[in-house]
Amino acid sequence: MNTGLQLYNTLSRKKELFQPLNAPNVGMYVCGPTVYSDVHLGNCRTFISFDLIFRYLKYLGYKVRYVRNITDAGHLEGDRDEGDDKFAKRAKLEQLEPMEIVQKYTLGFHDVLRMFNTLPPSIEPTATGHIIEQIEMIKVIIENGYGYEIGGNVYFDVEKYSKEYNYTILTNRNLEDMLNNTRELGGQDEKRGRLDFALWIKAKPETLMQWQSPWGMGFPGWHIECSAMSAKYLGAEFDIHGGGMDLAATHHTNEIAQSEACSHHQPARYWMHTNMLTVNGTRMSKSAGNGFLPLELFSGDHPLLKKGYSPMTVKFFMLQAHYRSTLDFSNDALDASEKGFRRLMSAVGLLEKLTPSAENDFDIAALKDKCVAAMGDDFNSPVLIAELFEAVRIINTVYDGKAKISSEALTQLKQLMSDFVFDILGLKDEESSNTDLNGVLDMVINLRSEAKANKDYATSDKIRIGLQELGIQLKDSKEGTTWSKA
Ligand code: AMP
Ligand code: ZN
């Protein structure tokens, strides 16, 4: 099965023809969120990009098994096995069980992705649900000689591994430079080598999430979960592994090392990395404090926002950039996307009103070829959108009576818009879809109830007043909150 699809492989640093191991089956693993706080729009960009990739692979006829994990344990604040556990810290802060934190932010993550109209993955495994698989993998790594235990901690021996394999294969960095740029081993650091990383971490008595293992009570290091879960659901060798670009240097580099140390071959044939969403040139991140939350985005209630934007406007704004380019968040760019998205949707709305004619002025098959070529060139959504605006021009010209379209060409045009606008880009007409409004309002009402329960009346009032300004009236009763259009 050759679909002619070219994709950029971080491993080879060039575009390659996509040749799955067992076509028409495709296995794709994407690193999911660490669910210790709300996802911000930067995270959403990465998942929207892989949704586009998932949707297009399906359009091409592949049977895709898309695995996207939930990191719900083992992620320390520092990438180098240091700092507090993100979940434990948050649990203390919010006075909740760590698993309550996990549940709360997993649900929030799903709500947000649903608003962006992304498809659910085929499997969404959690790190805490695969502790046994991770322990088994660590055992094999130790047996194969690439891992060692010291006092209840297990580390990966990077030096031993890099004698046989290329540890920096993904980023092409110079190992010597890395060694020189990595901090000296401190007096208390028991690792053998400066680049060694934790596979298993010994629990302290007060550690909230800990499990029994051959090395005593502890919890897995952050990287092992993805190696264990991708191998379990996609096999030791599979087609595509993805994530944000920020994961390549440490998390994915270590994933490759673990998988190779275990099975002696590379886990994924194609590594795909999405570029970052930035704000004034700085990466949007939780730690930088420049992350927009969905609610702030809808209401426009954020110092950097002029007004609110709908989820589809934001999604359209993201899709207007290629997934490997950085994208800077700005009001002007969002205003332009809002106008562009409306133009696209009104043209789609006109399709049913066009009257076919015996004559025909347009080659829709050629336009479709251009759309396929755009997506076949490493999922180039901005070029695809430019082609779709050619379709918009055709629709408007026929509607204005300035050109003619045959019945056959009109059928092709309707199919093209249905495939590329809705199935592949995953857009939807927000104004005509009341069920979507219901979903968004349910989420906003839930967030307000949570704020009220936490006695955060400033936020709950802000939501009520914000909705009122948008023409939505909330009514509180014993049974809960209902809404109506004012
Ligand atoms: P995290 O929840 O931090 O583990 O991140 C989840 C995903 O979002 C990872 O694939 C990250 O690479 C990605 N990500 C984080 N920040 C950004 C950003 N500013 N732009 C795009 N993707 C991001
Ligand atoms: Zn991962």
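Here is a short walk through a ligand site and two helix pairings in this structure. Keep in mind as you look that this is a predicted model.

Let's start at ligand 1. It is surrounded by 18 residues, and the closest are G42, T46, D246, L277 and M284. Three of these offer polar atoms to the ligand at short range that you can check for yourself. D246 places a polar side-chain atom 2.4 Å from an oxygen atom of ligand 1. With L277 it is the backbone that takes part, as one of its N or O atoms lies 2.8 Å from a nitrogen atom of the ligand. G42 also uses a polar backbone atom, 3.0 Å from a nitrogen atom of ligand 1.

From G42, turn to helix 1, which spans residues 41-59. Its partner here is helix 12 (residues 364-376); the two axes come within 11 Å and cross at roughly 130°. An angle between 115 and 145 degrees counts as oblique, so helix 1 and helix 12 are oblique to each other. The crossing is left-handed. On the helix 1 side you will find L52, Y56 and Y59, which meet K368, V372, M375 and G376 of helix 12. By class, this contact has five nonpolar residues, one polar and one charged.

Now look at helix 4 (residues 131-143) and helix 8 (residues 248-263), whose axes lie 8 Å apart at an angle of about 70°. That angle makes helix 4 roughly perpendicular to helix 8. Helix 4 likewise passes helix 8 in a left-handed crossing. M137, V140 and I141 of helix 4 make the contact with Q258, S259, A261 and C262 of helix 8. Five of these contact residues are nonpolar and two are polar, with no charged residue.

How values were computed. Residues are numbered from 1 along each chain as its sequence is written. Chains are lettered from A and ligands numbered from 1 in the order in which they are written. This is a predicted model: local features need pLDDT of at least 70, side-chain atom pairs count only at pLDDT 80 or more; totals for chains, interfaces and linings use all residues. Side-chain values use heavy atoms; hydrogens and water are left out. Axes are lines fitted to C-alpha atoms, for helices over the stretch in contact, and angles run from 0 to 180 degrees between N-to-C directions. Helices (H or I, at least four residues) and strands (E, at least two) are DSSP runs, numbered from the N terminus. Angles under 35 degrees count as roughly parallel, over 145 as roughly antiparallel, 65 to 115 as roughly perpendicular and the rest as oblique. A crossing is left-handed if the near helix is turned anticlockwise from the far one by less than a right angle, and right-handed if clockwise. Contact means heavy atoms within 4.5 Å. Ala, Val, Leu, Ile, Met, Phe, Trp, Tyr, Cys and Pro count as nonpolar, Asp, Glu, Lys and Arg as charged, and the others, Gly among them, as polar. A residue is near a molecule or strand if one of its heavy atoms lies within 4 Å of it. A polar contact is a pair of N or O atoms within 3.5 Å; within protein, one must be able to donate a hydrogen and the other to accept it, and residues adjacent in sequence count only if both atoms are side-chain atoms.
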